[in-house]
Amino acid sequence: MAEDWNLPTGDLMKGKRGIVMGVANQNSIAWGISKQLAAQGAEIAFTYQGEALERRVRPLVESIGMDLMIPADVTDDASMDAAFAEIKAKWGKIDFLVHSIAFAGKDELQGSMVANTTREGFRRAMDISVYSFIDCARRGAELMPDGGSIMCMTYLGAERTVPSYNVMGVAKAALEASTRYAARDLGPQGIRVNAISAGAMRTLSLAGIRGGKSLMGTGRDWSLLKEDTSMEGVAGCALYLLSPLGRSIAGEVIHVDAGFHVVGVPDLPEE
Ligand code: NAD
């Protein structure tokens with residue numbers, strides 16, 4: 001269960017509208033980010049993967065006084081066309097887009113990357129976790145005539161090897177590269193594109209990774225702050241990137257992981 005925190009309220013996102021993609025339940029990173037954006041005055045359209053998730057997502061959305069919910073399966077062009085058409089019809093334009101979506105099969109998220117990555121598994125992981133971001137950046141930018149801010153979620157497995165993360169690490173490396181290229185393409189239109197590299201957090205996605213719990217434990221024990229990555233920190237960073245506070249930041253991958261990413265060797269035992 002994601003912890004709740006005293007959400008800093010204010011007007012940083014007042015008058016801004018945007019899309020959050022990837023709320024599955026109350027533990028989703030996209031949900032933590034949404035609560036923080038709403039507390040700063042943002043108006044949010046939520047996309048969710050399919051009818052099965054609607055039951056879980058609707059009460060959350062209503063709890064923050066919003067109601068715009070649109071199904072969108074990122075592997076299905078017709079579904080994406082319909083979702084973005086609906087947002088365009090309702091709002092005409094948007095100011096921000098949050099992509100918090102990834103998927104790889106359970107069989108791929110364990111053991112040997114070399115042995116367990118099938119062509120189909122690779123294709124699916126790259127399609128859902130990487131291509132969808134490029135697609136969303138293009139579709140989102142079309143609704144940002146006055147500029148805007150787009151972000152996605154990544155993990156240290158893009159830069160270093162992490163047990164079981166396997167093909168998802170390969171996908172996250174491609175996602176981070178896509179962030180830089182999208183930032184380059186869209187920068188001249190005043191659209192900033194960035195990524196947050198979060199430490200391991202207890203969500204549905206983490207549960208799909210063999211040894212996910214231990215990833216959290218190691219992330220905490222090795223971290224500089226000796227604590228779990230907090231939703232508060234990730235959501236605060238998202239607010240920073242999506243609001244005017246993040247002005248001049250583009251093509252960046254910001255680590256929000258209690259400093260875990262800078263550790264080469266963990267604390268040594270007393271000799
Ligand atoms: P989550 O399971 O709550 O969110 C993943 C979302 O992806 C779900 O809402 C799911 O519906 C969506 N999704 C999957 N396939 C889809 C499809 N075909 N169409 C539309 N949506 C689809 O888990 P989370 O941990 O909140 O993950 C969000 C993002 O954060 C992911 O990119 C994940 O890789 C990243 N991330 C997670 C952690 C962690 O430890 N949990 C750490 C760093 C980065």
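Start at glycine 190: select this residue and you land in the loop between α6 (166-186) and β6 (191-198). Keep in mind that you're looking at a predicted model.

Is this glycine buried or exposed, or something in between? With 43% relative accessibility, glycine 190 counts as partly exposed, because buried needs under 20% and exposed over 50%. Now show its contacts. Leaving out residues up to four places away in sequence, glycine 190 touches Gly147 and Gly148.

Next, draw a C-alpha to C-alpha distance from glycine 190 to isoleucine 29. The two sit 161 residues apart along the chain, and the viewer should give you 26 Å.

That takes you to helix α1, so select residues 29-39. How many residues of α1 are buried? It's 11 of the 11, so the helix is largely enclosed by the rest of the structure. Among them are Ile29, Trp31, Ser34, Lys35 and Leu37.

What do those buried residues pack against? Colour these elements to see the surroundings: the strands β1 (17-21), β2 (43-48), β4 (96-99) and β5 (148-154), plus the helices α2 (51-63) and α9 (231-242).

Zoom in on glutamine 36, which belongs to α1 too. At 2% relative accessibility, this glutamine counts as buried, because the cut-off is under 20%. Which residues is glutamine 36 in contact with, once neighbours within four places in sequence are set aside? Pick Trp5, Leu7, Pro8, Ala235 and Leu239.

Last stop: step past the helix to glycine 41, which follows α1. Check the backbone there: phi is positive, near 95°.

Methods
Residues numbered from 1 in each chain as written. Predicted model: local features only at pLDDT ≥ 70, side-chain atom pairs only at ≥ 80, totals over all residues. Heavy atoms only, no water. Helix = DSSP H or I, 4+ residues; strand = E, 2+ residues; numbered from the N terminus. Buried < 20%, exposed > 50% of the residue type's maximum accessible area, 1.4 Å probe, protein only. Contact = heavy atoms within 4.5 Å.
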